[in-house]
Amino acid sequence: MEKVKLRVPFFVVNPKAYMYGDEVLKLAEYTDKLAKKYNFDILFTA
């Protein structure tokens with residue numbers, strides 16, 4: 001497995017346990033869109 005190097009700054013999104021299904025998927029997709037738009041790394045935990 002290849003190591004991934006995080007760029008600084010990076011953000012972490014930790015949705016609460018009660019988020020699931022379409023709701024958390026929409027948040028993950030929006031997070032990905034922002035990361036691409038502003039060119040930074042995001043860690044998303046679900």
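**Entry 1: the overall layout**

I counted the elements to start with: the chain has 1 helix and 2 strands. Both kinds are DSSP runs numbered from the N terminus, with helices (H or I) needing at least four residues and strands (E) at least two. Reading along the sequence, I get the pattern β-α-β.

A note to self on the ground rules: this is a predicted model, where local features need pLDDT of at least 70 and side-chain atom pairs count only at pLDDT 80 or more, while totals for chains, interfaces and linings use all residues. Residues are numbered from 1 along each chain as its sequence is written, and side-chain values use heavy atoms, with hydrogens and water left out.

I looked up the extent next: the C-alpha trace spans about 30 × 25 × 15 Å along its principal axes. Then came burial. "Buried" means under 20% relative accessible area, "exposed" means over 50%, and "partly exposed" is in between (1.4 Å probe, protein chains only). Of the 46 residues in the chain, 13% count as buried.

The chain exposes about 4400 Å², and carbon and sulfur atoms supply 60% of that. These areas come from the Shrake-Rupley method with a 1.4 Å probe; for residues, only the protein chains shown count as cover.

I also checked contacts, meaning heavy atoms within 4.5 Å. Among those between residues at least 6 apart in sequence, 65% join residues at least 24 apart.

**Entry 2: salt bridges**

How many salt bridges does a search of the whole structure find? I got 2. The test is a side-chain nitrogen of Lys or Arg within 4 Å of a carboxyl oxygen of Asp or Glu. As a reminder, side chains of opposite charge can pair when their charged atoms come close.

One salt bridge joins R7 and D41, with the closest N and O atoms 2.9 Å apart. This pair links distant parts of the chain, as R7 sits in the segment before β1 and D41 in strand β2, 34 residues apart.

The other is between the side chains of D32 and K36, at 3.3 Å from N to O. Both residues lie in helix α1 (residues 22-38), 4 residues apart, which is about one turn of the helix. D32 counts as partly exposed because its relative accessibility is 40%. K36, with a relative accessible area of 64%, is exposed.

**Entry 3: a closer look at D41**

Is D41 buried or exposed? D41 has 17% relative accessibility, so I log it as buried. Its partner R7 is partly exposed, with a relative accessible area of 37%.

D41 belongs to strand β2 (residues 41-44). Besides the salt bridge, the D41 side chain reaches the backbone nitrogen of R7 at 2.8 Å. Leaving out residues up to four places away in sequence, D41 touches K5, L6, R7, P9, F10 and F11.

**Entry 4: F10 and the nonpolar patch**

F10 is in strand β1 (residues 10-13), and at 38% relative accessibility I put it down as partly exposed. With residues up to four places away not counted, F10 touches D41 and L43. I also looked up F10 and F40: they are 30 residues apart in sequence and 6.1 Å apart in space, C-alpha to C-alpha.

Which residues form a nonpolar patch on the surface? I found L6, V8, F10, V12 and L43, with about 440 Å² of accessible area together. Patches take residues with over 30% relative accessible area and no salt bridge; nonpolar side chains (Val, Leu, Ile, Met, Phe, Trp, Tyr) are joined within 5 Å, like charges within 9 Å. L6 comes from the segment before β1 and is partly exposed, with a relative accessible area of 34%.

Methods:
Polar contact = N/O pair within 3.5 Å; in protein donor to acceptor, adjacent residues only side chain to side chain.
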